[in-house]
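Colleague: Could you take a close look at the salt bridges in this one for me? I'd like to know what they link and how exposed their partners are.

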Amino acid sequence: MLQLMLPKQTVRTIYDIDLEALRANGIRGIMTDLDNTLVGAKVPLATPELGLWLDGVRSRGFQVVVVSNNNESRVRAFAEPLRLPFVSRARKPLNAAFAKALGMMGLRPHEAAIVGDQMMTDVLGGNRLGLYTILVEPIAKADESWVTRNVNRNLERAFISRLRKKGWLP
C-alpha cells in the first residue's frame with residue numbers, strides 16, 4: 001500500500017515538468033488535476049502563463065484532459081475556454097475517471113501521466129491504474145476545502161513521514 005502513495009516524480013509546479021523526458025518515456029497523454037495544480041482552488045480561469053504552457057504541451061503532441069473531483073460547472077467554466085476535454089466529479093482515487101480520460105485520449109495506462117497536488121487522490125489513483133504519477137506542490141493551500149486541508153493533508157503528512165523513514169523520499 002505504501003508504494004502506491006509514492007509518485008514517480010515530484011516537481012514544484014507544472015512548469016518544472018520535463019516534457020521531453022516524458023515523451024522519451026512513451027508518455028503521450030497528460031491527465032491533470034485542476035484546483036491547486038493548474039490554478040489556485042478559487043481562481044476561476046487559466047492565467048496567461050498557463051495558457052502558453054498548455055499550448056506548448058499540445059504543440060509537442062501531448063493530449064491533455066482535466067480530471068477533477070470538483071463539480072461540472074467549475075470544471076467546464078475552466079476547461080472550455082482552453083478547449084480542454086474534462087472529467088468532473090471524478091471521485092479520485094477511484095479508477096473510473098482515470099479510465100474515462102484514457103478512453104478519451106485513446107491511450108493505455110503506461111502511455112499517460114497524471115499530474116496533481118494530492119497523494120491521496122492523484123498519486124494513489126494514478127498508481128493503482130499504472131499511470132506515470134507526477135506530484136506538484138499545491139498552489140494555494142489556504143484555498144483548500146476543509147476535507148482536503150484537514151483530512152487528506154494530514155494523511156499525506158503521515159505517508160510522507162513513513163516514505164522518508166523507508167528511504168523512498170528525501
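Modeller: Sure, starting with terms: helices (H or I, at least four residues) and strands (E, at least two) are DSSP runs, numbered from the N terminus. This is a predicted model, where local features need pLDDT of at least 70 and side-chain atom pairs count only at pLDDT 80 or more, while totals for chains, interfaces and linings use all residues. Residues are numbered from 1 along each chain as its sequence is written, and side-chain values use heavy atoms, with hydrogens and water left out.

A salt bridge here is a side-chain nitrogen of Lys or Arg within 4 Å of a carboxyl oxygen of Asp or Glu, and searching the whole structure turns up 8. One of them pairs Asp35 with Arg74 at 2.4 Å, N to O. Asp35 sits in the loop between strand E2 (29-32) and helix H2 (48-59) and Arg74 in helix H3 (residues 72-79), so this pair ties together parts 39 residues apart in sequence. Asp35 is buried at 15% relative accessible area, and Arg74 is buried at 14% (buried is under 20%, exposed over 50%, partly exposed in between; 1.4 Å probe, protein chains only).

Helix H3 also holds Glu72 and Arg76, 4 residues apart, about one turn of the helix. Their side chains meet in a salt bridge at 2.3 Å, N to O. Glu72 is partly exposed at 37%, and Arg76 is partly exposed at 32%.

Then there's Arg108 with Glu111, bridged at 3.3 Å, N to O. Arg108 is partly exposed at 49%, whereas Glu111 is buried at 16%. Elsewhere, salt bridges with shared partners join Asp33, Lys92 and Asp122 into one network.
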